[in-house]
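Colleague: Have you got a few minutes to go through this one with me?

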Amino acid sequence: MIIAIASGKGGTGKTTLSTALASVATTPVLLLDCDVEAPNCNIYIKANLAPAQPVTVPTVTIEPLHCNVCRACLDACQFNALAAAGGKIIPLPELCHGCGACQLVCQSGAIAEVPHRIGQCQTGSSGHITLIEGRLDVGSPLSPPVIRATRAAGNAMPDALQIIDAPPGTSCPMVAATHGADYLILVAEPTPFGLHDLKLAIEVARSLKLAFGVVINRAPDTATPLDEACKADSIPILARLPESRRIAAAGAHGELLLKAAPHLGDTIKQILTTILAGDKGAVA
Amino acid sequence: MSRQITVLSGKGGTGKTSVTAAIASLVPNAILADCDVDGSDLPLVLAHHNPVTTPFIAGQAATLDPSQCTRCGACQTHCRYQAITLDEARQPRIDPTLCEGCGVCHLVCPTHAIVLEPCDCGEWVIADTNTSKLAYARLRPGAENSGRLASVVRQAATTAAEERSEDTLILIDGPPGIGCPVIASITGSDAILIVAEPSQSGWHDAKRVIQLASHFGIDIYLCINRWDLSPEMALHIRNELPDVGATYVGRICYDPMVTQAHTAGQTIVEYGCPAAKDITQIWETLWNHVK
């Protein structure tokens with residue numbers, strides 16, 4: 001089973017929950033850190049990571065001896081990753097999506113593809129948790145290819161329970177991280193920004209047809225507008241995790257949630273049990 | 001001379017929007033731009049009116065006309081994004097959430113059964129605030145091109161600033177992370193203000209965005225939000241700043257009244273909560289460096 005944890009708004013507690021769920025799993029578990037622009041899972045898991053595997057995308061080189069500057073490649077490229085200047089065609093690797101269109105249309109055989117590094121993937125384990133961390137190189141603009149490589153590494157172990165720590169937001173990186181998951185947990189904070197961004201995340205969950213539920217983090221004792229909004233839309237609230245300065249301080253120092261707050265153990269286990277039993281998800 | 005400052009963090013949820021909105025209250029004629037286009041929260045606390053909305057059509061998506069399809073499967077073979085699958089009858093199905101809009105399927109289709117159609121990715125807005133202007137966007141959930149839309153928002157703010165005769169501050173609420181929307185939001189900026197969280201993850205992520213800004217040669221300033229949740233980490237960050245080339249400009253206390261301010265649709269400064277004093281001090285220090 002693949003469980004993805006996303007949020008919409010940043011800083012709601014995705015990594016806190018992902019690592020907590022991994023820590024209570026009773027079977028071997030694969031934790032995928034797909035927040036590749038800012039991967040934090042290993043601050044909590046503290047696995048020894050094996051040497052990194054580079055993640056590359058194919059970008060192009062133009063062989064000037066063969067190129068007759070017909071510009072067919074420029075016309076085919078949907079991403080403005082080829083420019084014409086000084087009587088030559090110049091590739092712009094940062095914009096290239098590695099789709100292969102230019103090579104397909106080139107009649108002169110002038111285009112070759114070369115791997116261009118954009119990030120890396122590393123694996124390590126700590127107890128029953130195997131962590132696969134994707135990390136985008138600083139300066140590389142596009143995170144989805146690194147996220148897809150991290151997901152592919154996870155799919156090489158299809159029998160394990162997979163927990164995916166997704167990036168914040170509701171655009172292509174979040175979609176790449178959560179696509180095809182069996183269940184999506186949306187971690188929400190009960191603030192005006194938190195409620196606004198949760199609604200966007202719910203739209204994505206529905207468009208991806210994912211079964212999903214909400215965990216409300218830093219929740220006060222009383223019901224909030226966010227609680228009411230979930231109830232009004234028949235969205236299951238899997239758990240409410242309390243606001244606590246002590247837990248925040250412990251998390252700041254890289255402590256797993258249940259080390260700082262062992263009394264939440266049953267709550268976290270119940271989230272996993274509910275999802276694995278398959279009986280609580282909003283109809284997408 | 002006009003100045004452009006982008007507020008960033010690396011890690012999400014450190015308080016970028018809260019701080020940006022508060023500074024907006026301190027600089028009434030600043031033009032605001034919310035470049036966090038797939039979770040745009042600045043408009044929730046900056047009262048605005050007279051919105052001018054423009055659709056954001058960017059990129060393309062492949063669509064299939066089954067009546068022209070010969071089920072040769074070439075599209076599926078050549079798609080590098082697993083966006084095309086063949087059903088039992090070898091009829092292609094295109095998953096719009098995976099389609100990159102590259103057009104390769106259109107190029108290889110022998111009967112032109114696949115065409116590319118422009119994507120409606122959302123909309124952007126320029127509006128009047130009580131004292132100035134606000135540019136923001138709503139990226140359609142799940143859409144691509146957030147970097148391009150962030151650029152459009154930034155450019156809308158720049159254009160509004162150019163239309164004025166006096167010097168203007170452009171203040172940009174940036175997205176989390178280090179990817180294309182962040183890069184789009186710092187293009188043209190004179191300085192970035194990092195709102196950092198006093199935690200290991202917060203510092204790890206702040207350092208990545210500091211590295212990114214250094215590539216661009218932009219001056220980097222940093223404040224620590226909710227510093228008293230971990231005074232040790234706050235001190236650790238302060239001590240390491242000179243090594244990473246960032247200048248410390250202050251710290252903000254943990255303030256539970258911030259949520260009340262935002263629930264009332266007000267900025268921290270308007271509401272007058274304890275954090276307002278800290279942010280005012282940070283702004284004065286920052287502006288002294290940047291002006």
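Modeller: We can take the chain contact, the salt bridges, the cavities and some backbone angles in turn; bear in mind that the model is predicted.

Colleague: Start with the contact. How many residues does each chain put in?

Modeller: Chain A gives 55 residues to the contact and chain B gives 58 residues.

Colleague: And what area is buried between chain A and chain B?

Modeller: About 4500 Å², with 58% of that coming from carbon and sulfur atoms. On the chain A side, V138(A), F193(A) and R245(A) supply 16% of the area that chain A buries against chain B, which is more than any other three residues.

Colleague: What about polar contacts between the two chains?

Modeller: There are 31 residue pairs in polar contact between chain A and chain B, counting pairs with both residues at pLDDT 80 or more.

Colleague: Which elements of chain A give two or more residues to the side that touches chain B?

Modeller: They are α2 (41-45), α4 (101-105), β8 (129-136), α6 (172-178), α7 (192-207) and α9 (245-252) of chain A. Of these, α7(A) gives the most, with seven residues.

Colleague: How does that side of chain A divide into nonpolar, polar and charged?

Modeller: The side of chain A that touches chain B has 28 nonpolar, 17 polar and ten charged residues.

Colleague: On to salt bridges. How many are there over all chains?

Modeller: The structure holds 14 over all chains, and three salt bridges are found across the interface of chain A and chain B.

Colleague: Give me one that involves R148(A).

Modeller: R148(A) pairs with E100(B) through their side chains, at 4.0 Å from N to O. The cut-off for a salt bridge is within 4 Å.

Colleague: Which salt bridge does D137(A) make?

Modeller: The side chain of D137(A) meets that of R117(A) in a salt bridge, at 2.8 Å from N to O. D137(A) sits in the loop between β8 and α5 of chain A and R117(A) in strand β7 (residues 111-126) of chain A, so the pair ties together parts that are 20 residues apart in sequence.

Colleague: What else does D137(A) touch?

Modeller: Leaving out residues up to four places away in sequence, D137(A) touches R117(A), I118(A), G119(A) and I178(B). For G119(A), the backbone nitrogen lies 3.5 Å from a polar atom of the D137(A) side chain.

Colleague: Different topic: how many cavities of 30 Å³ or more are there?

Modeller: The count comes to four cavities of 30 Å³ or more. The largest cavity holds about 140 Å³ of space.

Colleague: Which residues are closest to the centre of the largest cavity?

Modeller: V60(A), C77(A), A81(A), C96(A) and C102(A) are the closest to the centre, out of 18 residues in the lining. β4 (53-62) and α4 of chain A each supply at least two residues of that lining.

Colleague: And the lining by class?

Modeller: The lining of the largest cavity has twelve nonpolar, five polar and one charged residues.

Colleague: Last topic, backbone angles. What is phi of N50(B), and where is N50(B)?

Modeller: Phi of N50(B) is near 50°, a positive value in a residue other than glycine. N50(B) lies in strand β3 (residues 48-64) of chain B.

Colleague: And what is phi of R71(B)?

Modeller: Phi of R71(B) is near 60°, again a positive value in a residue other than glycine. R71(B) is in the loop between β3 and α3 (74-78) of chain B.

How values were computed: Residues numbered from 1 in each chain as written. Chains lettered and ligands numbered in written order. Predicted model: local features only at pLDDT ≥ 70, side-chain atom pairs only at ≥ 80, totals over all residues. Heavy atoms only, no water. Contact = heavy atoms within 4.5 Å. Buried area = accessible area lost by both parts, 1.4 Å probe. Polar contact = N/O pair within 3.5 Å; in protein donor to acceptor, adjacent residues only side chain to side chain. Helix = DSSP H or I, 4+ residues; strand = E, 2+ residues; numbered from the N terminus. Nonpolar A, V, L, I, M, F, W, Y, C, P; charged D, E, K, R; others polar. 1 Å grid on protein atoms, 1.4 Å probe; cavity = no way out; pocket = protein on both sides within 12 Å on 5 of 7 lines; lining within 4 Å. Points joined across faces, edges and corners; volume = space filled by probe spheres on them.
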